[in-house]
Structure formats: C-alpha cells, structure tokens
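Q: Could we go through this chain together, beginning with its overall form and then turning to helix packing?
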Amino acid sequence: MIIDCHGHFTTVPASFRNWRAKQVEFANDPVNGPSRAEAFVSDDEIREAVGNGQLRLQQERGGDLTLFSPIAGLMSHHLGNERTSLEWAEISNDLVHRVTEMYPDNFAPVCQLPQSPLAPPKNSIPELRRCVEELGFVGCNLNPDPTGGYWTGTPVTDREWYPLYEALCELDVPAMIHVAASCNPCFHGTGAHYLNADTSVFMQILQSDLFKDFPQLRLIIPHGGGAVPYHWGRYRGMSLEMQHRPLEGLLDNIFFDTCVYHQPGVELLTKVIPADNVLFGSEMIGAVRGKDPATGQYFDDTKRYVDGIASLSEEDRYKIFEGNARRVFPRLDARLKAQGK
C-alpha cells in the first residue's frame, strides 16, 4: 500500500470557511453568532469537494490511503477564545469523520485539538478522547504555538503539556507537530512559520528529557523536519555538548515525513534520516499547489521523488510507503487489518 501520512481537507466548501469567519467575528457574542446547524455540509458537497480534490489526485498519483485531518491553517487557535476553539474543533473533526466514513478505503481520520493561547493543553484531552474512542481517529495534530507565530507559551517539553502526552500514550496514538496560520507579519505561514515550528520543536526536545518521561510517545515532525536533516551535524554536536548523549536516541520517538517538494531534498532526507523514521507524506493541495516549470510536474507529487531514489532498497521503500505508518499509527494498522488489508 501507499499510505500518505499527511493530508488535510483543504477543499472544504466555501460555506464552511464562511461559517468559521462568522464564528470568529461573534466570538464574544455567541448569542448572535452562527449556529452549528449552519456549518452543515451535505454529502453531495463532500463528494464534490473530495472527489475533485484529494481523492482524484490520490488515485492519479498512485496512492491508496491518506491520513486525513482538518485544514491546518484554519485551525487558527489564536482566533476567538477557548469556547470557539472547542466548537470549531468538534465541527471540523466531525466533518473529517464523515469523509472517512464515506470513503473508508481512501481516508483515515486524524483530529484537530481545541487548543487556545489561554488554555492549558490538558483541556484538549476530552476532544482527543472523543475522536479516538468514539469516532475511531488514529492520530492528532498538535499545535506547539497556539498564539499563531508569537510563541508566548511554554515549550512543548514543559510539564504543562504532560497530561496531554499521558493521554496520547494511554490511547496509543501519535501526534503530528503542526502549527496553524501565522498572525505574525514577520513569518509567512507555510513558508516560514511551519518550518520554524518543525525545527524549534525538535530543538526543544533535544534540550529536554521528554522521552525519558514518555518512552512510548511518538511525534511526527512534518515538512521533512524543517531544517533538521539539513543541519543534522549541528544538532548532533549540540546534543553531545549540551545533553551528553547521542542525538540518534531521539529517533526512537521522532519521525519525519516526505513533504519536501524537490528531488534533492527528499534524497537528502533519506540519506540523513534512517528509513525506519521516514513516513511518506504529500500534504497535497496544500502549501505548494502549482507545477515545477522545469519538470512540468506538480511540486507536491512527492511519491515521484521517493520513486526516483534509486539507492533505496525494496525493504526501505516498503517502510517509507507503508510499514512505518502502520507501526507509528497502531490504530491505523488495526483499522486496515479489520478491512482485510
């Protein structure tokens, strides 16, 4: 199988985005804000949005299954308040669940957490449990910076995050580190803020004993890990100097995806990071949607890049395309086995 670990419902109908805008507008006036019923998306709208988007490209590009979550940019935890964030997470997760129920062979659900700059991370646990235990979600997206680019909160290694990690370990689900939109004009959302977050979280973990406290915690750092693979020597040196331990030990708990949009980048990723720690991902119809004029191919058709690495063994290719996803997401593996896959 070809399992894409990184997909978002970026093609939701305009009415869904409009509902969110109205909800934020009336965040402090819920009586006059939009009702949940107004956020409803019909089955036909889902078929049109998914069929002409992710499903079509998945089939055209040779994929089989996508781990599907709400739009990362629209998580926008910095907007509204804790109440609106919870409502938005529930509505967004319910919509993703409906997609995966309509297309169970093509999509598996990953949830958004109802984080907020003013709320402790533990407040997201009830929605995480609802999604995993009641709706069959196999993972979640975790925003390390709910402030939207200003980073006024604590590092993800701070003990205020520990109750959430305890829940993740108990439920046996991984978290993908994924920020949302940036409201800081210094940091473009997908071009800077996303990659800053990927790199920053890795460094926060390097400076900590997080995995001593949570040896079963599994985190996916997307977008190829930001700057991490490119500067692996820097991080190895700092780990030895600052923490007196080999950096490679973090690879028991950290994984990277292939959302790197050119051949040399994916080749570098697979040369530096062991195949056991690389998961195929595309984030297609996301940050980069156009074609490379040099090749005439879409930048986010990342399967082509993995296919183009001649040095990969068949065993490693299997790990990247399927095996690692089933291992890192055990609930996904169970879901697939229940489907006879």
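A: Certainly; one term comes beforehand: buried means under 20% relative accessible area, exposed over 50%, and partly exposed in between (1.4 Å probe, protein chains only). This is a predicted model, in which local features need pLDDT of at least 70 and side-chain atom pairs count only at pLDDT 80 or more, while totals for chains, interfaces and linings use all residues. Residues are numbered from 1 along each chain as its sequence is written, and side-chain values use heavy atoms, with hydrogens and water left out.

Q: What share of the 341 residues counts as buried?
A: Of the 341 residues of the chain, the buried share is 56%.

Q: And how many helices and strands are there?
A: The chain has 13 helices and eight strands. Helices (H or I, at least four residues) and strands (E, at least two) are DSSP runs, numbered from the N terminus.

Q: What radius of gyration does the chain have?
A: The value is 19 Å, which agrees with the figure near 20 Å for a compact globule of 341 residues. The radius is taken over C-alpha atoms, and the globule rule is 2.2 Å times the number of residues to the power 0.38. Along the principal axes, the C-alpha atoms fill a box of roughly 55 × 45 × 40 Å.

Q: Turning to strands, is E1 mostly covered or uncovered?
A: Strand E1 (residues 3-8) is mostly covered, with six of its six residues buried.

Q: Which strand does E1 join?
A: E1 runs parallel to strand E2 (residues 65-69), and four bridges join them; two strands pair if DSSP finds at least two bridges between them. Leu-65 in E2 is the bridge partner of Ile-3.

Q: Now the helices: at what angle do H4 and H5 pack?
A: Helix H4 (residues 82-102) and helix H5 (residues 125-134) pack at about 10 degrees, with axes 11 Å apart. They are therefore roughly parallel to each other. Axes are lines fitted to C-alpha atoms, for helices over the stretch in contact, and angles run from 0 to 180 degrees between N-to-C directions. Angles under 35 degrees count as roughly parallel, over 145 as roughly antiparallel, 65 to 115 as roughly perpendicular and the rest as oblique.

Q: How does H2 pack on H4?
A: Helix H2 (residues 43-51) packs with H4 at an angle of about 80 degrees, the axes being 11 Å apart, which makes H2 roughly perpendicular to H4. In contact (heavy atoms within 4.5 Å) are Asp-43, Ile-46, Arg-47 and Val-50 of H2 with Leu-95, Arg-98, Val-99 and Met-102 of H4.
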